[in-house]
Amino acid sequence: MDSELSAINTDYGNWISLFFMKWLYAFCAIIAILNGLQFYFFVFSKPLLAAGGIALFVLFLAFTIYMQLCHNKFSFTNGMLMNKIHKFLVDHLFWNGQGRLLDVGCGTGALSVRCAKRYAQAEILGVDNWGKDWSYGKNQCDTNANAEGIGIRAKFEQGSLVKLVFEDASFDAVVSNFVFHKVRAASDKRQLVREALRVVRKGGSFAFQDMFAQKKYYGNMEDFVEELRKEGITEVHYMHRVENVCGFIPYFVRAPWVLRGVGLLYGVR
């Protein structure tokens with residue numbers, strides 16, 4: 001059984017970033033100031049305008065508070081939801097931990113580190129593009145891995161997820177968590193899944209978690225699973241709407257703009 005990630009000398013970020021939250025609070029403050037000015041100058045002459053400004057502030061403040069609650073829930077140190085989601089994925093990886101594991105879209109290295117802790121004999125490699133829109137990169141992953149004491153076995157590389165630089169059947173296991181739908185360079189998200197499967201050796205294991213239940217990204221997943229079987233994948237399982245069946249994702253987080261339409265694709269190559 002793997003141990004939990006450490007909160008000491010590590011920074012795994014948050015799916016709802018602190019930067020985003022700061023902008024929400026700043027915008028609330030701006031609206032409040034404008035409302036104050038509007039109330040002072042127009043409350044009697046333009047009461048509808050003043051009422052509208054107050055209503056806008058209340059709505060935006062409510063949304064900001066809601067997002068703060070989500071931020072707290074996702075936190076690796078408070079709500080621990082991200083920890084639970086990663087553990088759920090790894091629990092569905094049918095692998096004995098012998099050999100090499102690739103984490104596609106490793107982000108801050110949290111899933112890679114969890115895999116290293118679960119599989120004490122494995123060699124872990126995380127790959128990510130770490131584009132300009134992200135506030136973290138390889139150095140943060142290395143720092144987290146070293147702080148967790150698994151830096152010798154967990155390495156990280158920058159690279160394209162559209163075309164992985166690795167040869168076919170290079171890894172004994174491949175994982176990925178909420179990454180494919182974010183890759184702007186690939187309009188066909190199914191092809192990203194196929195690319196990740198390409199580097200799994202025959203008989204190797206895989207577990208991918210993403211917004212598979214959202215048809216705008218993947219279409220009909222039953223059809224896709226059948227296609228993968230016809231393409232030679234030995235064993236394919238698909239869990240639809242994970243947020244409704246896993247038992248640990250609170251209802252208030254399941255908003256369309258937060259965590260709705262999660263699917264888990266796992267099996268043996």
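**Burial, pairing and salt bridges**

Q: What makes Glu-243 count as buried?
A: In this predicted model, Glu-243 has a relative accessible area of 1%. Buried means under 20%, so Glu-243 earns the label.

Q: How do you know that Glu-243 and Arg-241 form a salt bridge?
A: Their closest N and O atoms are 2.5 Å apart, and the cut-off asks for a side-chain nitrogen of Lys or Arg within 4 Å of a carboxyl oxygen of Asp or Glu. The pair therefore qualifies. Its arginine partner sits in another burial class: Arg-241 has a relative accessible area of 25%, so this residue is partly exposed.

Q: Why is the contact between Arg-190 and Glu-227 called a salt bridge?
A: The N to O distance between these side chains is 3.3 Å, and the limit is 4 Å, so the pair passes. Arg-190 belongs to helix α6 and Glu-227 to helix α8 (residues 221-230), so the contact ties together parts that are 37 residues apart in sequence.

Q: Which burial classes do Arg-190 and Glu-227 fall into?
A: Arg-190, at 15% relative accessibility, is buried. Glu-227 has a relative accessible area of 30%, so it is partly exposed.

Q: What does Arg-194 form with Glu-227?
A: Arg-194 forms a salt bridge, with the closest N and O atoms 2.8 Å apart. This pair also links distant parts of the chain, since Arg-194 is in helix α6 and Glu-227 in helix α8, 33 residues apart. With a relative accessible area of 19%, Arg-194 is under the 20% cut-off and therefore buried.

Q: Which residues are linked in a network of salt bridges?
A: The network joins Arg-190, Arg-194, Glu-227 and Glu-231. Across the structure there are 13 salt bridges.

Q: Why is β7 described as largely enclosed by the rest of the structure?
A: The count settles that one: 6 of the 6 residues of β7 are buried, so the strand is largely enclosed. Gly-263, Leu-265 and Gly-267 point one way, while Leu-264, Tyr-266 and Val-268 point the other way, and all are buried. That fits a general pattern: in a regular strand the side chains alternate between the two faces of the sheet.

Q: How do you know that β7 pairs with β6?
A: Pairing needs at least two bridges, and strand β6 (residues 235-239) shares 5 with β7, in the antiparallel sense. Within β7, Leu-265 is the residue opposite Tyr-238.

Q: What makes β5 and β7 (residues 263-268) a strand pair?
A: There are 6 bridges between these antiparallel strands, and at least two are required, so they pair. Ser-205 has Val-268 in β7 as its bridge partner.

Q: In what sense do β4 and β5 pair?
A: Strand β4 (residues 171-177) and β5 pair in the parallel sense over 6 bridges. Asn-177 faces Gln-209 in β5. With helix α6 (residues 189-198), the two strands make a right-handed β-α-β unit.

Q: Why is β5 called mostly covered?
A: Of the 11 residues in strand β5 (residues 200-210), 8 are buried.

Technical notes. Residues numbered from 1 in each chain as written. Predicted model: local features only at pLDDT ≥ 70, side-chain atom pairs only at ≥ 80, totals over all residues. Heavy atoms only, no water. Buried < 20%, exposed > 50% of the residue type's maximum accessible area, 1.4 Å probe, protein only. Helix = DSSP H or I, 4+ residues; strand = E, 2+ residues; numbered from the N terminus. Right-handed = clockwise from strand over helix to strand, strands pointing away.
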